[in-house]
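Open the model in your viewer and keep the selection panel at hand. The stops below go from the pair of protein chains to the DNA.

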Number of protein chains: 2
Amino acid sequence: MPEPRRLPEPRRRSAPATRAAILDAARARFGADGFDRVTVREIAADVGVDPAMVIRYFGSKDALFTEAAEFDLELPDLTGVAPEDLADALVPRFFAVWEDSAGFLSLLRAATTSKVAADKMLELFTRQVSPALAAAAVDRPAERAALVGTQILGLALSRYVLRVPPLVAMSHDELRAWIAPVLTRYLTGPAAG
Amino acid sequence: MPEPRRLPEPRRRSAPATRAAILDAARARFGADGFDRVTVREIAADVGVDPAMVIRYFGSKDALFTEAAEFDLELPDLTGVAPEDLADALVPRFFAVWEDSAGFLSLLRAATTSKVAADKMLELFTRQVSPALAAAAVDRPAERAALVGTQILGLALSRYVLRVPPLVAMSHDELRAWIAPVLTRYLTGPAAG
DNA sequence: GAGTTAAGTCAATGACTGTTGACTTATCCT
DNA sequence: AGGATAAGTCAACAGTCATTGACTTAACTC
């Protein structure tokens, strides 16, 4: 009985494969511990590779972070959505982004400490969130979008970084039910001032 | 005309004076840059003193931070306050804390990166914020207080750390007008789920 | 004014860090 | 088989950091 032909476990990965592995490990570490607390050596150890490879493939720790903190919100188009349905269209999308990749948490953690990260978060907001929300705001789109941002970021910070127990205990649906009317109000309610 | 008797500028401060000066400088630095990015050497240089004194008076950088991030919210007693007046009693207090001492910002910046800081923030919340808000919540006090926390923290993060332009541009009064109904709803509105 | 004590300096240590360049080794092609 | 090339290792550098202990100097007391 002949041995089944088996593809040999490659002792060396292809360059794109290790590069991707490093990027994954970086996302996880940055998301969990923040930019400053993570060392290139740790990331390399996670992948089982020499620290020099991290620099080889990404150039520097900063460049690695920049790539690890990249992600797409893919917010839905809100034009023509009824006000009472706005939040229900948005909130699940945010949960998905927070829990899928560690990119967002990486960025959030870094943004409180690093100017570049804060600017990147701001750019993400003005380029992805603000335009999407503008389609739903009855007036003052910039202000209304910013207010929605405070609530969304506050929830992410409290539930995923600080892990406030009551928030961790609540389900997605419960949270959506609490948050939705607030977002609707910010977007379509009477303006202040 | 005799020279007025002048207390000689002491070339050496008293120990409590330098200790206090170090603590002030630490608060400012930690509030602006976060725990990891701040060095003991910087703080010492701000005060015009040798780095060794920082350790001498506080034991370690960690211990210094712990003391620098200490502050009191002094939230008012909310028992008997009418629902529509709740937020107006609370919001100005938060603005004051955020803008007065750098203690809160120090803690917020550190909390995204350090477990101890995050726990300290959580303790602050459960020991000061939650009890005060419980007096105003119609039911589920823990959950309602946590939700208020998300909005408050989100505003602090967006306006003072990320410096989202529309939020920076708005006055205290405008922000209060936007935020107040939301806090009221979280505390006294219909429960979700 | 001598002597004690408190306030502050100084230099060094040991541990990490990101980053580099020279080297080694597996894999593929012919 | 043998060389070319990609993948990966290795040791070291140059810098920074918190922390330490021995030392110096000012201020106060008797």
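The tour of this predicted model covers the symmetry, the protein interface and the surface near one DNA strand.

**Stop 1: the two copies.** Select chains A and B. Chain B superposes on chain A by a rotation of 180° with 0.0 Å of shift along the axis, at an RMSD of 0.1 Å. That is how a two-fold axis relates two copies. To find the axis, select B:Gly154: its C-alpha lies 1.7 Å away, the closest approach of any residue of chain B.

**Stop 2: the contact between chains.** Now select the side of chain B that touches chain A. Here 38 residues of chain B are in contact with 38 residues of chain A. At least two residues each come from α6 (103–111), α7 (115–134), α8 (141–161), α9 (165–169) and α10 (172–188) of chain B. The largest share, 13 residues, belongs to α8(B). Coloured by class, this side of chain B shows 23 nonpolar, 9 polar and 6 charged residues. Both copies use the same surface, since 100% of the contact residues of chain B recur in chain A.

**Stop 3: DNA strand D.** Select strand D and the 21 residues around it; the nearest are A:Ala15, A:Asp50, A:Ala52, B:Thr39 and B:Ser60. Which helices supply at least two residues each to this surface? In chain A they are α1 (15–33) and α3 (51–58); in chain B they are α2 (40–47), α3 (51–58) and α4 (61–68). The largest share, 3 residues, comes from α3(B). Colour the surface near strand D by class to see 9 nonpolar, 4 polar and 8 charged residues.

Key. Residues are numbered from 1 along each chain as its sequence is written. Chains are lettered from A and ligands numbered from 1 in the order in which they are written. This is a predicted model: local features need pLDDT of at least 70, side-chain atom pairs count only at pLDDT 80 or more; totals for chains, interfaces and linings use all residues. Copies are superposed by least squares on the C-alpha atoms of residues with pLDDT of at least 70 in both. Two residues are in contact if their C-beta atoms, placed from the backbone, lie within 7 Å. A residue is near a molecule or strand if its C-beta atom, placed from the backbone, lies within 6 Å of it. Helices (H or I, at least four residues) and strands (E, at least two) are DSSP runs, numbered from the N terminus. Ala, Val, Leu, Ile, Met, Phe, Trp, Tyr, Cys and Pro count as nonpolar, Asp, Glu, Lys and Arg as charged, and the others, Gly among them, as polar.
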